[in-house]
Amino acid sequence: MVQRLKSWWKSLSKLEDQPVPERDPIVNSSLAIPLALSSLLLMLSLVWAFYEEGWGLRPWRVYQDEFQELFVSALEKKKPVSREEEQAILASSGYQELLARLRQAEESRQSDLQSLEQQEQQIRQRLAILTRPFTTARSEIQAKRYEVETASASSRESLARQLDELRQRNYRIEFPDGPQDYTFGELEEEFNALKAEQGHVQQRKVELLRAPARLQRQLNEYVNNRLAGLTEVQLDGLIGEARGQGIYIRQIHNPEINLVDRCESCHLGIREPVTLTADEMGGRRVFVSHPRPELLALHDPETFGCSPCHNGNGVGTVSVTKAHGKYKHWLWPLFAKENFEAGCLQCHQNDRHLRYADTLTAGKDLFQYRGCMGCHPRDGFDTEPRETREVQKQITDLFAEKQAEQLKAERLLNLGDRAATNEEANQLYADAQAVTLDVAAIDARVDQLRVRADELLLEVKKPGPNLKEVRMKLRPEWIPRWIENPQAFRPDTKMPQFRLSPEDVQAVSAFIWQSGVEGPLDRQPQGNAERGRQIVESRGCLGCHSVGEGEQQHGGNFAANLSRVGEKANYDYLVRWVHAPRRRTLPYCPVHARDITPEDYAGQGLPFRFDLEYNRCPLGDHSLQVQNQNVMPSLRLTEQEARDIASYLMTQRHADAQYAPVPFIEDQALFDRGRFLVRHHGCAGCHEIAGLEDEGKIGTDLTLEGSKPIERLDFALLTHDAKKEGWYNHKGFFENKLRNPAVYDQGKIKEPLERLRMPNFHLSKEDIDRLTTFLLGSQESVVPEQYHFNPSDQRADVQAGWVVVKKYNCMGCHEFYAGQPTSLVDLPQYQGDGREKLPPNLIGEGARVNPNWLARFLENPALSREDVHRNGVRPYLDLRMPSFDLSAGEVQKLVKFFQALSRQPLPYLPVPQEPLTDRELVLARGLFTSQAAPCLRCHATGDPRTDQTKTAPNFALVSERLKPDWTRRWIVHPEIISPGTAMPSGLFREEAARWVFALGRVPGLESYPGDHADLVVRYMFQFTPQEQRRLTGR
Amino acid sequence: MADEKSREEKTPVEEASEQAEKKSPNVIVRIKETVLPFIEKGKEDVRAAQDYKKSQVWKSVFRHQLDETPRNRALAVLTNVFLHLHPAKVNRDAVRFRFTWGMGGISFYLFFVLTITGVFLMFYYHPSKGQAFQDIQFLENDVPFGGLLRNMHRWAAHLMIITVWLHMLRVFLTGSYKTPREFNWMVGVILLVLTMLLSFTGYLLPDDQLGFWAVTVGTNMARATPLLGHEGPFGPELGMTPFNDVRFALLGGSIVDANALLRSYIWHCIAIPLILSVFLAVHFWRVRKDGSISGPSPAVLESELKKVRK
Amino acid sequence: MDWAQLWEIVSLPDNVPIVALMLLVPFFMWYGLRQSFATDRMIARLEADSKLAKDHHRKFEPYRKGWDQKVHVWPYLLRIELLAAVVVTLILMVWSITLDAPLEEPANPNLTMNPAKAPWYFLGLQEMLVYFDPWIAGVVMPTLIILGLMVIPYADKNPLGNGYYTYKQRKFAILAFCFGFIVLWLAMIFIGTFIRGPGWIWFWPGETWDHHRLVFEVNRDLPEILGITQQPWVGIFGALATGLYAWAAGWVCHRFLVWNDFNKEIYARMTLTHYLIYQFFMITMLSLPVKMVLRLVFRIKYVWVTPWFNV
C-alpha cells in the first residue's frame, strides 16, 4: 500500500521517469468507464432536476394533496350535524305546510299536464317525418331561384320553367296514419303550422308549471334561511367539487393594481363557505378558513387579493419563506400575527376609529393620548397647529392681494379721468368697478378665515397641562421628584421618563417654576371631603379619571389617576381648576407671542376681562387664546361642589410621603440651562410653556416610517446582533425602541446632548404591539388612490366625527356602537338598577334627535344660560354632560357624525304635524294624564316642584329635541330601539292597522277612529307652555 | 332531353341503387387487381430494410462506412461539418488532458450552453423597468425549469470567464502564442475582453439592486475617461458634461435607467454575441491552420539555438 | 473571529466562482509547472548527452519507436472532448440545482448599496480605484492591460519553449506573467471581494463588516509631505518623481533583460521598438505595486499633482 502511494506520488512529481508501457497507452487505453460513469451521474442529475421541478420547488402541490383529504373528511364530519338541523327544519310546521301546498298544486295539474305532453308528442312525430323532405325541397327551390335570378336572358326562360315545375312537383309524405300528398306550398304551410302549434303547447305547459315552481323555490329558501351552515346537499356538492379539484396554482390577478397573488395555492381553505378550524383540518393552520369572513365580504379578494393587506410575496410559490417574503431581499415581509392590522392602513389612513381593527385603533389612541404626536409629526394627528399657520398665511396673503387690487382700482379710475374718449373712460370705470367688487369678495373670504382662526384657537389642545400656572398649582418640592421619574409617583401616567442627570432635573424644575406666571388666587374655605368623594364617584369624573391605587384603582384611563393629587397640588388652585378647568390666569396672544397682562389692558383703558366673548387682543385686532389648551371640560359645578371635590382630592395622598426642600428652584442661575434642556427634550410638544408656545415638533415624521429602507433605521451597534438574532427588520426596530428608547445608544460613547432624546413611556407588551402595528402600517401605500377609503358621502362625516369623539373621549361615558366598552359600565354603582343612572347610549342618536337642537345642546348641555348646574335633558341623572366649549366647527362635525351614523339626511326638514283639533287635544290630554298611562310617573314636565322625583326626559323638550317618526316608533316599541330601557313596552296594541292605547280605558278614546300613538306624538310635538302649566298645575 | 325527364321521375335514392346494381358482379376481381401489386412493393421494402446501409437515405446521410479503418476514422472527421474544425489526426500527446487542460474547448462549449439557455430566457424577458424584475420573479415561480434555466445561464457565464482565463494561462505556459500563433493570441485576447463584456452587460438585466449598483460602479469609471469623460483629465476642457460624454453614450442617459437596461439587453443578446462568434470563427480557423491543437512539440535545446551575429 | 460573517461572504452566490477560482488557479499552476520541470529535467539530460539528444523524441511523455506520432481525432480526441462536455454539464446541473442565482431588491437609485461592488471579475479595477484616480484605474489601466497582453507575442523574442511546457527556458517570461496575472490581477480581485467591506474599508477575513465602523486615515500627497505646497513646483516635483520612478524601474527591468548569457541572447534579438515596448509595459505594471505600497504603507495619495490630473 505504502509502496503504491510512494510510486503514485513519484509519478506525480517526476513525470519523465514513468515506466514506458509495452503498448501505446493513448491508442489502447479506454475512456469507457469515466464516460459511462459521468453519463450516469448526468442522468441522475436530470432526475434530480425533474424532482425539483415537480415537487421540490412546487410545495403547493403537496399542500393541495393534503388539503383535499383533510377538507373532505372535515366536511364529512359536518354532515351529520347539518343533517340533524335540516331534519328539524323539514319537520317544522311551516315547511310541512309549504310542502303540502306544493304537492297539492302538482296533483291538481297532473291530468292537464299529461294531455299536453301527449299533444306535444304527436306534433313532434309529424315534424320529424316532415322536416327532412321539406328542407331538401326548399333548398333545391332556393338554389334554382338563384339560378333564374342570375341567368342570362336567353337561358332564363327554360330555367324559370324548371323552377315552376319544382314548385308544382308532388311530395308524398308517409305519416303513420297513411301517406299524404303536398305541393311545395302546402308542405311549407303544414310545416309552419306544426311549428306554431308546438310552441303554443310548450307555452301552456310552462304556465301550468309556474305555480309549483314558485312553491319549490319558497321551499328551498325556507330551509336555507333557517339553516346556520350548509345543507347536506350543499356539503355533498362541496365534497364532490373538492374531489374533482385538479392540482394547479390558485391565482388572483388584478391588473389595475398590478397584483398577482398565489397565496391560495396553499391556503386553500381561506375562502371556503364553511368555517374550518385548525383542529378540524388536522391541526394544520395553513388550511383554516379566514377568521374574519365579514372582512372578506367587505374587501372582495378577487379585487384586493391578499398581499395588499397582509404583505408577503404574492407571486412566490417556490417555498414558504419566499412566499411569505421572510427573506433578506423582500421589502414587504408578511405581517406578524400581532401586527396584521397594520395592513388596514394601506387604504384606511383617515379612519381615526376603524371597525374590526381594534389593535390598530388602540395604537392610534396611544399615539394621540400618550403624546407621541407632541414630538412626532404624523398625518392626521395634532393637525390644528399646522392648520392655524396655514390660515394665518392665507389671511396675510389675502391682505396683500386686497391692497394690490385697491391700488389697481385707483389707477383705473385715474386713467378713466384722463381718458380721451367717453367710451374708453366708461370702459375703465367699469373695470375699476369690477376690481372693487373683487375687493369686497376678498373681505368676505378673510372674514371666513378669521372665524376659522378663532375656532382653531379653541380646537388646539395639548396632551399635557399648561405649565405656566405651576406656581399657583403645584408645590415646588414635588416638581423635581415628578420630572425625575413620573412613573415612580404615578405608575400609569402618560408623562414619560426622560433621561436627565440630577443637575438637569434641578435646572428643568427651576426653569419651569420660574417661567410660571403669578396671578390672583382667592383663598378658598375648606369643603366637605366626603361629599367631594361622592361627587367624584357620581358626577362623571370617572369617565376619564381613575381614583384609588393598585387593586382599588377604578375609572377611566384617559386622564390622570387622582390618587396622589394631595401631595402635589395647591388647594386654592385646585378649587379653581375643578370649577373651571379651562380658565387661564392670563390670555395668550398668538400674534404678539406672549401672555397679555392686566397692564396691557389698562394701557388701552380696557377692563381686564377675557373669555369666549371678550377674546380680542387689547393691543391689536386679533383673537386671544383665552382658554387652557386641555380637553378637560367643565362639569358646571357650583363653587361649593368644587370645594368639596378639591378637599376630597387633597386627602388623596400617601401619609408617609416625604419631600425634601428645593432651594434651587428659585435659583436664577439655573434658568437658562433649564430652558435649553426643556427645548432640547421638546417638553413644549405636550405642555404650554412661557416663551416656548411656538416650538416645533422635535421628532421624526412618522407618516411613512413603515416603508423607510431598513438601512435608514439606525440599529447602531446592535445591527450585528439584530441580524444574528433575526430581528433586523422594522418590527424588531420599533419594538425594541419602544421597549427601551435608549436601546440604540447601547455601547456608544456620546455627549449627553447627542444621546437619543425619546423618553421612556414604560409601555406594556400590548401597547408596544399596538404602536408597532400602527407604525408598521404607516407605509407608502402599494395600492393606487382610488382604492383608498376616502369617501365623499356621509361616511366622510363619520371619519371626521370620530376624530372629535376621540379627542374629547366621549366614549368614556357614551356607547357609540353596540358592545363598545365605556369607563363607567363596569363600575359597581352602575350595576343592576344602577344601569338606569348610566348616560344615554348614542346608538341611533342621529335618528332620534333633531340635528339643530343637537347642535344647541352640544354648545350648552345645560340648555340654559342661568340655571347651569344641571343637565338640560336628564336633570334626574347624577352624571352630568359636561360643557366642552366645542368650536362651532367641532359641533358641526359631531352633528353631521350622528346624522351620518344613522344615515339621516342633512339639513333636517321636519314633517309638519297636522294640528290637533280641540277634541283630539282633550283626548290626548286625557290619555296622557290618565292613571292608566304611566307617562307622568317618570317623565319630567319642567315643573320644579315635581321634577326632582322624575327619572325620564322632559316632555317640554320633545317638540324641539326629537324627530316625530322616531318618537312614534319609540313609544310603540321602545325595547327594539334601546334594549333594557325603563320605558315600558306594550303601551299600544295593534288593532285593525292602527295602534290603540293598551293599558286600561280612557274616556272617549274608544270612539276615536285615529291612531292613538299618532295622537300622542302630535300632542307632544304641539306641547305648549300653557299645556305644560295645565298638566303641572294639578 | 328524354333522360332528363326520366331523372326527374326518379328520386336520387333510386338512381344510386341502380348504379350499384350495374357494378356489383365484378367488384371482388377489381379489388384483387388493385391490391396485389402493392403487397409486392411492400415486400421489396422489407427486403431493403434488412440491409439498410445500402438504402438511399442512409447513404445520403453517412458518406462512409463505420467500421474501424483508418480511412473511415479520417472521413468521420472530414465529412462532418462540426468536426472538420479538427484535422483528421493530431499530435499524439495533444490528446492528453494534462497538456491542453481542455479549457479552450470547455469555454466554447459553455458559450454554446449560454446561447441556448439565453435564447430560452429571452422568451420570458422584457427589457423594461419594473417588468424586467417581475419577469425574473415569474421565471423562478411559474416557468417550468425557469429557475434552473436562469441559474444555469448565470453560473455558466461565471464559469466561462474562469475557463477563459485558465485557457490563457495554459497557452502562456506552453508558449503557444509564439510564431506562428502570435495573431491568434491577439484574437484570443479580444475574445477574453468580449467574454467579460458579455457577462457584464448581462449583470444589469434582472434590474435588481445587485445589478444596478454593479453597473453604476462599473460605468461611473467611464466618467473619468481622459478627453471623453466629464470627470476625466481634459474632459471638461473639451466641453464634456454628464449629458454628452462617453458614459452618456453607454447608458443612453446620465443615470442607469430604462435606456441603459435596453442598451445592455441589446448588447448582451445581439451585438456582442455576433461579434464574439465572428472572432471565435477566426480563432478556430487559425488554430486549425496553425497546425491544430499546439504541441506538445519537441523541446528545442538551448545549444541548438542559432547565435545572432552583431 | 466572526465565522458567520466569513461564511456570509464566501457563500454569497456570486462569490462562489471566486472561491472556485482561488482553488483552480493554484491547482493548474502546479499542474502546469510540474510538466515544465519534467521537460526541464529532460532537456538537462539531453544537453548533457548529445548522442541521446539525436534520436530522442524530445518529450517527457513515454514513447517507443513505432508508436504513431499522430493519432486520429476520431476517436482519441473527440472522446475526451465528449467526456469534458458531459462533466461540465454535470457540474453546471448540480451547481444550478443547489445554488440559486441572486435576485435582490428591485433597483432603487435612492438607496445606495454599501459596499456597492462591481461584478467580481472587475473588482480588480475597482480595487485599483483606491490607488489611482478613476481615469487611470478605470480607463487607462484596462486599455494597457489589453494592449499589454496583445503585444506579448511580439515583445517576447525568446524562440525557445514554443509549444511545450518549460520553465528554465522562459524563466523571466513566466515569472513576469504570473506576477501580472496572479499577484496583480487575482490578488486584487481577492482583496476587492473578501477584504473590502462597507465604505470600502479594509476588513481582515473574519472581521465583522460593521456599517458604522470608522477608521482614521489621512492620505497626503507626496509633495505635501516634503513641504512643497504651491504650483507649479508641486507639478514639477511630481513630474520629476514620476520620471525618477520610471528610470529606476526601467533600470531594474533592464537588469532582468541582461541577467545571464541566455537572456543576453534574447536581448540581442530585440530591436529598439521591442525594447521600448517591453520597458513601457513593465514600468507601468510595476507602478501598481509601488503605488499600492505607497498608499497602504506610507498613506500617500498622489505623487504627481497637477491642475488637470493627479497620479
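**Environment of A:T703 and the interfaces of chain B**

In the predicted model, residue A:T703 is located in the loop that connects α26 (670-680) and α27 (719-725) of chain A. The relative accessibility of A:T703 is 12%, and the residue therefore counts as buried, the cut-off for that class being under 20% relative accessible area. Beyond its neighbours within four places in sequence, A:T703 is in contact with A:P377, A:R378 and A:D379, and also with A:S778 and A:Q779. For one of these residues, A:D379, the backbone nitrogen is found 3.2 Å from a polar atom of the A:T703 side chain. The side chain of A:T703 is also joined to the side chain of A:D701, by a polar contact of 2.5 Å.

Attention then turns to the interface of chain A and chain B. The contact involves 21 residues from chain A and 16 residues from chain B. In chain A, the residues that lose the most area to chain B are A:I26, A:E53 and A:V315, which together account for 31% of what that side buries. The area buried between the two chains is about 1400 Å², with 47% of it on carbon and sulfur atoms.

Three salt bridges are found across the interface of chain A and chain B. A salt bridge links the side chains of A:D24 and B:R92, with an N to O distance of 2.8 Å. Seven residue pairs are in polar contact between chain A and chain B, both residues being at pLDDT 80 or more. On the side of chain A that touches chain B, α2 (25-28) and α3 (32-56) each contribute at least two residues. The largest share of this side comes from α3(A), which provides three residues. Classified by residue type, the side of chain A that touches chain B comprises 10 nonpolar, five polar and six charged residues.

The interface of chain C and chain B was examined in the same terms. Here, 109 residues of chain C are in contact with 98 residues of chain B. The size of an interface is often expressed as the accessible area lost when the parts come together. Between chain C and chain B, about 9800 Å² is buried, and carbon and sulfur atoms give 70% of this area.

Six salt bridges are counted between chain C and chain B. A salt bridge joins the side chains of C:D14 and B:R154, at 2.8 Å from N to O. In addition, 53 residue pairs are in polar contact across the interface of chain C and chain B, with both residues at pLDDT 80 or more. The elements of chain C that each supply at least two residues of the side touching chain B include α2 (16-48), β1 (70-72), α4 (73-98), α6 (134-155) and α7 (171-195). Of the side of chain C that touches chain B, α4(C) gives the most, with 17 residues. By class, this side of chain C has 74 nonpolar residues, 18 polar residues and 17 charged residues.

Strand pairing also links chain B and chain C. Strand β1 (residues 89-91) of chain B is joined to β1(C) by three bridges, and the two strands run antiparallel. Within β1(C), C:V71 is the bridge partner of B:V90.

Methods: Residues numbered from 1 in each chain as written. Chains lettered and ligands numbered in written order. Heavy atoms only, no water. Contact = heavy atoms within 4.5 Å. Buried area = accessible area lost by both parts, 1.4 Å probe. Salt bridge = Lys/Arg side-chain N within 4 Å of Asp/Glu carboxyl O. Polar contact = N/O pair within 3.5 Å; in protein donor to acceptor, adjacent residues only side chain to side chain. Helix = DSSP H or I, 4+ residues; strand = E, 2+ residues; numbered from the N terminus. Nonpolar A, V, L, I, M, F, W, Y, C, P; charged D, E, K, R; others polar. Buried < 20%, exposed > 50% of the residue type's maximum accessible area, 1.4 Å probe, protein only. Pairing = 2+ DSSP bridges.
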